[in-house]
Amino acid sequence: MPPAYLGEFEQQVLLVVLRLGDEAFGPSIAAELERRAGRRVSRGALYTTFDRLEDKRLLRWRTVPGTEARDGLPRRLYAVSAAGVAALRAAREVVRSLWDGLDARLKKEPGR
Amino acid sequence: VTRLRRPAATSRHGPPRGADWLLRVLLPPGRDSDAIRGDLIEEFRRRRSAGWFYREAFSTIVQGHRYRHMMTLDSLLQDARYAARAAVKAPGFTLLVVLTLALGIGASTAIFSIVNGVLLRPLSLREPDRLLWISEANGRGDVISASWMNYVDWRARAHAFDGMAASRGSSLDLTGIGQARRITGRMVTGNFFQTLGAQPSLGRVFGDADERPGADRVAIVSDEFWRRQLNGDRDVLGRTLTLDGKPHTIVGVLPAGFRYLRSYDVFTALGGITGEPWLADRGNHQGFVAIGRLRPGVTREAAFSELQQIEADLTRSHPDTNADLSVVVEPLAARLVKPIRDTLLVLAGAVGILLLVACVNVAGLLVARGAARQHELAVRAALGGRRGRLVRQLLVESTMLALAGGVLGIAMATVLLRVLIAVAPPGTPRLDEVVLDGSALVFALAAATACGVLFGLLPAAQASRANGQRLVIRTRAAGASAASHRLRRVLMAVEVALALILLTAAGLMMRTLMHMTSIDAGFHPDHTLVVNTSIPEATEDRPRRIATVNEILARTRALPGVTSAGAGMSLPIDGSNWNSVFWPRDKPLPPAHDGLPSAAMLPITDGYFDALGARLVKGRPFDARDTATSAPVAIVNEALAARIWPGQDPIGRQLKQGWPESKGDWREVVGVVADIKFEGITERTTLQFYLPLAQDPPGDFWIVAHTAVVPASISTALSGSIAAVNRDMPIATLKTMDEIVGESIARQRMARFVLGVFAGLAITLAAVGLFGLVAHGVTERRHEVGVRLALGAPRASVIGLLVRHAVGAAMTGAVAGVVVAMPLTRSLEGLLFGVRPVDPATLVGVVLFLLVVTLAACALPAWRASRASITTALRAE
């Protein structure tokens, strides 16, 4: 089976989850995305992306006990599955092959 | 601004209540929504922005739901597309499944429509549930009509009813509009229509005034009679109808579709007879039955016990007439459908079994296909296809097949319904109300969906058990499909058992009809045309009656194509119209009147026996010698001769109709005729006492004509020969004798037809299933067969090996079927004749038939496998 196709936002979410490791909870993922990608993330889009990635078996989570700050409500700790890692690798390969030979031309472009 | 913010973690400030409530209520369930809510609350405590919380709560709810629905719909569509592709890829399989289901669903929808129209749908009267049918039963428990005086007392004393009416059916001779005709009429009390809750479409219904003695004779006509006989004339009110020779004024027209027990042409008010003395005789039961409308809130049971109380009081006050009587109460709707109810329930049960057979058959097909697709399913499971998705995929497939079967089934139902209505016994109540309507469509679709889920579950369960890895590796090995093969054998056994139940029922009906049609009825119904007519009431004088009958007979005999003709007061099968005690002169009188024998009294003319093809055993028939003034003579049937003069010659002995002390003539027996079934094919033959019609001419009689041509072709000529004698003589029941006999066994014929068709379908489906089972086994074991043949096994033993499982399944099913059929066929009891519900001969015959079908279904694939050349068989793996 070829690795699953990843949308841009899906890719970003998976990368952030990887980066955060044991701290990959919903609010921190959102904050990290907003910080690094520099854009506002709608929570609705974020949670449906979690769902979609889980449906595709690229992301999984386990539930851990909540803190006082969230009225004791449980937390989901996200992790990228092996298939998710494979999909990220494949996506990087695609981008890399598309970039191939273009570095020089893009460097010349003014204003970037 | 930053100074005003406190650290989020220390804030006890809660999120906006409204938004939080929405989150709790509206987040899509399932994916731990508490965690998402927790995330939002946690962030809110950091941000302290109610606007943010609202916005994100909404976006989470809305997008979450959108994603959910899209996924469900998306995957369902995907499943449907996949199912459609799979169906097209296996056209034979798809066609077989869809046709099988269409048969099952079509048949059950048609039967459902009839059961719904006749039994289930409420009567088209106001609050029909409150209407009760009330009559009386005699000491033997036979339901008889109610005595008028008892009815009057019920009506006056009972409190359980809003109204209680009485009525009696009577055929009426209609004269004055073209050729006289006999029409159906009902004589009713003034409150009859109010009690039923019927409104006229024109004019008025009857009132209490119409019931009083000496009231004007008034009539209300049915919508159909009004349109057909009165040309739908809106000025019909006030016109006069001559009924039984008496003028009746039309006061109302009933709405279309009005029906009381059956459809009647004309209703007349009782006013004409309420003053007559015979009505006041409490011992007279003159065909009246009552209907009562329950007071709101009063139960049937309460009304019944009140009537029983009144009846008991009446018995105490009138012991001479009421001693053995009891009151009988039934819901009106139940009474109406009584003649056909049991037959319909049998057919409903049978069609249920047929639907089950279809389902089992399709389940077997799907299991076989599931086994063939195990490799595909295993691969999908191994690649991460979730078990739930695979099961749903299979359910979607089976439901789609079932719905296709349902749609085709509805088309089949419309055709079958027409056939069923055509074969239904004449006079079946409410048959004209039967249509394939919305409820039938709902039934068909519900049946289809239920079938889809039901027979989809088995293969789905099978697939969900599939062990992916093992199957991918071992899929080609024979062992992998052993479980599915076992399952199919069980399904086959179930199918054969169900088919056997239907076969048994059909076999019993077949034997019943064989018995019925092989009975010696004492006459030959073929090539015989009969017509019922009567001399207008005004003509009472005997010579005139005799002259009229003779003139009609002379004209009838002169018709081209008529070989013989006669007249009689009664007609075989239709029933004898006059029964009386009699006494032979040479026997001592019994001490009490109870001991007197009773016989059907049958005035007939010469030619009557000839026209019916009855067999004269001894002596002579009536002929021209027997006139009104000649010596009184009689002909008796064999049963009478054997009962009164066993072992003796009855010719020349004398009989008298009536009580011994009556002034009647002693009649000399001149002939003995074979027994004729007057009361119906299946009834016991009564004692029959024929006398010359000229010596006791009835006002109402049958003309019987035997023809050399197709009898129906002279029906116009026959009614013409009556009209030529007297235009006021009504023509009634102009039929062939074959029709009259056919109608008397129509219930059994319909049951045989439907059960026969259903059983035929069921056994065909079972045979196809068995064929498939063997063929499948053969394909799987080709290699083994090749090896065996190569090692020199005789072909016969190889064939035996291949059919063993299928025959085993069929026989297991047969045994189970016999065990289940035995109690079930008891429900046929009321339809059977000459055969008991548990009939060993039928069961043995059915099982043998099944064995033949099984062997035939198995033989072809097994034979083909054993014919295969050894090398081909070995190469198959």
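The largest nonpolar core has 124 residues. A nonpolar core here is a set of buried Ala, Val, Leu, Ile, Met, Phe, Trp, Tyr and Cys residues joined through side-chain atoms within 4.5 Å. Buried means under 20% relative accessible area, exposed over 50%, and partly exposed in between, with a 1.4 Å probe and protein chains only. Phe193(B), Tyr260(B) and Phe267(B) have the most contacts inside this core. Helix α10 of chain B, residues 332-372, gives the largest share, 21 residues. Helices (H or I, at least four residues) and strands (E, at least two) are DSSP runs numbered from the N terminus. Apart from this core lies another, of 39 residues. Among its members are Ile29(A), Phe50(A), Val64(A) and Ile41(B). In soluble globular proteins, nonpolar side chains tend to be buried together.

This is a predicted model: local features need pLDDT of at least 70, side-chain atom pairs count only at pLDDT 80 or more, and totals for chains, interfaces and linings use all residues. Residues are numbered from 1 along each chain as its sequence is written, chains are lettered from A and ligands numbered from 1 in the order in which they are written, and side-chain values use heavy atoms, with hydrogens and water left out.

Return to Tyr260(B). Leaving aside neighbours within four places in sequence, Tyr260(B) is in contact (heavy atoms within 4.5 Å) with residues including Trp133(B), Arg186(B), Phe192(B) and Leu332(B). Tyr260(B) also belongs to an aromatic cluster. Its other members are Phe192(B), Phe193(B), Phe206(B), Phe258(B), Tyr264(B) and Phe267(B).

Trp133(B) has a charged partner: the charged end of Arg335(B) sits over its ring, 4.0 Å from the centre. The rule asks for NZ of Lys or CZ of Arg within 6 Å of the ring centre and within 35 degrees of the ring normal. In chain A, Arg75(A) lies over the face of Phe25(A), at 3.9 Å from the ring centre.

Over all chains there are 19 aromatic pairs. One of them is Phe678(B) with Tyr690(B), tilted, at 6.4 Å centre to centre and 55° between the planes. Rings of Phe, Tyr and Trp (its six-membered ring) pair if their centres lie within 6.5 Å; planes under 30 degrees apart count as stacked, over 60 as edge-to-face and the rest as tilted. The pair links distant parts of the chain, 12 residues apart. Phe678(B) is in the loop between β19 and β20, and Tyr690(B) is in strand β20 (688-692) of chain B. Both Phe678(B) and Tyr690(B) are buried.

Now follow β19 of chain B, residues 667-673. Six of its seven residues are buried. Strands pair if DSSP finds at least two bridges between them. Strand β16(B), residues 616-619, pairs with β19(B) in the antiparallel sense over three bridges. There, Gly619(B) stands opposite Gly671(B). Strand β17(B), residues 633-637, runs parallel to β19(B), joined by five bridges. Val636(B) stands opposite Val672(B). Strand β18(B), residues 654-657, is antiparallel to β19(B), with two bridges. Leu655(B) stands opposite Arg667(B).

His706(B) lies in strand β21(B), residues 700-707. At 22% relative accessible area, His706(B) is partly exposed. His527(B) is 179 residues away along the chain, yet the two C-alpha atoms are separated by 5.8 Å. Contacts of His706(B) beyond four places in sequence include Asp526(B), His527(B), Gly561(B) and Ala611(B).

Last, the cysteines. A disulfide is a pair of cysteine sulfur atoms within 2.5 Å. The count over all chains is zero. Cys359(B) is buried at 5% relative accessibility, and Cys858(B) is buried at 1%.
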